[in-house]
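Please open the model in your viewer, with a cartoon for the backbone and sticks ready for the side chains. The tour below suggests what to select at each stop and says what is to be found there.

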Amino acid sequence: MDQLLTKLKKAIRLAGDTHTLEDVVDAIKAGKMQAFWNDDAIVVTQVCKTPRLVFVNIFLVAGAMDGVLSLVPQVREWAEKNGYTRVRACVRPGFEPLLKKMGWQRRQILMEFDNG
């Protein structure tokens with residue numbers, strides 16, 4: 001688990017440093033985020049509410065690609081069991097062809113500009 005936490009810290013940094021590891025752990029403990037893991041990977045999700053849709057956002061992933069991909073069905077099953085009809089993820093380009101094989105589709109491209 002220590003290796004996964006180290007990889008999770010790296011994932012947080014690569015995702016834009018919007019949270020600390022402690023922020024994520026606290027959110028999981030408080031039920032504001034969910035964690036799915038195996039020996040090789042961890043996936044952290046959060047439920048997002050918009051005026052027209054409540055969906056599951058895959059917030060962070062860390063670990064071996066095969067380990068991450070093996071958790072995706074678990075996340076989708078959890079979402080369906082809890083009444084969420086959509087799962088969303090912002091991923092690196094390398095994930096796109098792998099997720100497409102699992103039925104995912106591209107909806108948009110995320111771009112950022114750092115002003116500071």
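Begin by selecting V47, which stands opposite V56 in β3. The model you are looking at is a predicted one, in which local features need a pLDDT of at least 70 and side-chain atom pairs count only at pLDDT 80 or more, while totals for chains, interfaces and linings use all residues. Residues are numbered from 1 along each chain as its sequence is written, and side-chain values use heavy atoms, with hydrogens and water left out.

**Colour by confidence**

Colour the chain by pLDDT, the predictor's confidence in each residue, on a scale from 0 to 100. The chain averages 93, and 100% of the residues score at least 70. Among the elements of the chain, β1 has the highest mean pLDDT, 97, and α1 the lowest, 89. The elements themselves are DSSP runs numbered from the N terminus, helices being H or I runs of at least four residues and strands E runs of at least two.

**The sheet**

Now select the strands, which form an open sheet of four in the order β1-β2-β3-β4, with mixed pairing. Its edge strands are β1 and β4 (87–89), each of which pairs on one side only, and the twist averages 30 degrees from one strand to the next. Two strands are taken to pair if DSSP finds at least two bridges between them. Strands of a sheet pair through backbone hydrogen bonds, either parallel or antiparallel.

Follow β1 into β2: the two run antiparallel and are joined by five bridges, with a hairpin of three residues leading from one to the other. Along this pair, F36 has V43 in β2 as its bridge partner, and W37 has I42. Moving on, β2 and β3 also run antiparallel, here with nine bridges, and the hairpin that joins them passes through four residues.

Select β2 (41–49) and colour by accessibility, where buried means under 20% relative accessible area, exposed over 50% and partly exposed in between, with a 1.4 Å probe and protein chains only. This strand is mostly covered, since seven of its nine residues are buried.

What surrounds N57, in strand β3 (residues 54–63)? Apart from neighbours within four places in sequence, N57 is in contact (heavy atoms within 4.5 Å) with V44, T45, Q46, C48, R88 and A89. N57 counts as buried because its relative accessible area is 15%.

**The helices across the sheet**

Show the cartoon of α1 (2–14), which lies across β2 and β3 and runs at about 120 degrees to β3. Next to be selected is α2 (residues 21–29), which lies across β1, β2 and β3 and runs at about 100 degrees to β1. These angles, from 0 to 180 degrees, are taken between N-to-C directions of axes fitted to C-alpha atoms, for helices over the stretch in contact.

In α2, pick out L21, V24 and A27, which are buried. They lie on the same side of α2 because they cover an arc of only 130 degrees around the axis, an arc reckoned from the directions from the helix axis to the C-beta atoms. What covers the buried residues of α2 includes α1, β1 (33–37), β2 and β3, whereas on the other side of the helix E22 and K29 are exposed. After α2 comes G31, with a positive phi near 80 degrees.

In the loop between α1 and α2, select D17, which counts as exposed because its relative accessibility is 52%. From D17 to N82 the C-alpha to C-alpha distance is 29 Å, and the two are 65 residues apart in sequence.

**The aromatic cluster**

Finally, show the side chains of F36, W78 and Y84, which form one aromatic cluster. A search of the whole structure finds two aromatic pairs, a pair being Phe, Tyr or Trp rings (for Trp, its six-membered ring) with centres within 6.5 Å, stacked if the planes are under 30 degrees apart, edge-to-face if over 60 and tilted for the rest. The rings of F36 and W78 have centres 5.9 Å apart and planes at 70 degrees, so this pair is edge-to-face. It links distant parts of the chain, F36 in strand β1 and W78 in helix α3 (residues 65–81), 42 residues apart. For W78 and Y84, the ring centres are 5.8 Å apart and the planes at 35 degrees, so this pair is tilted. F36 is buried at 6% relative accessibility, whereas W78 is partly exposed at 22%, and Y84 is partly exposed with a relative accessible area of 22%.
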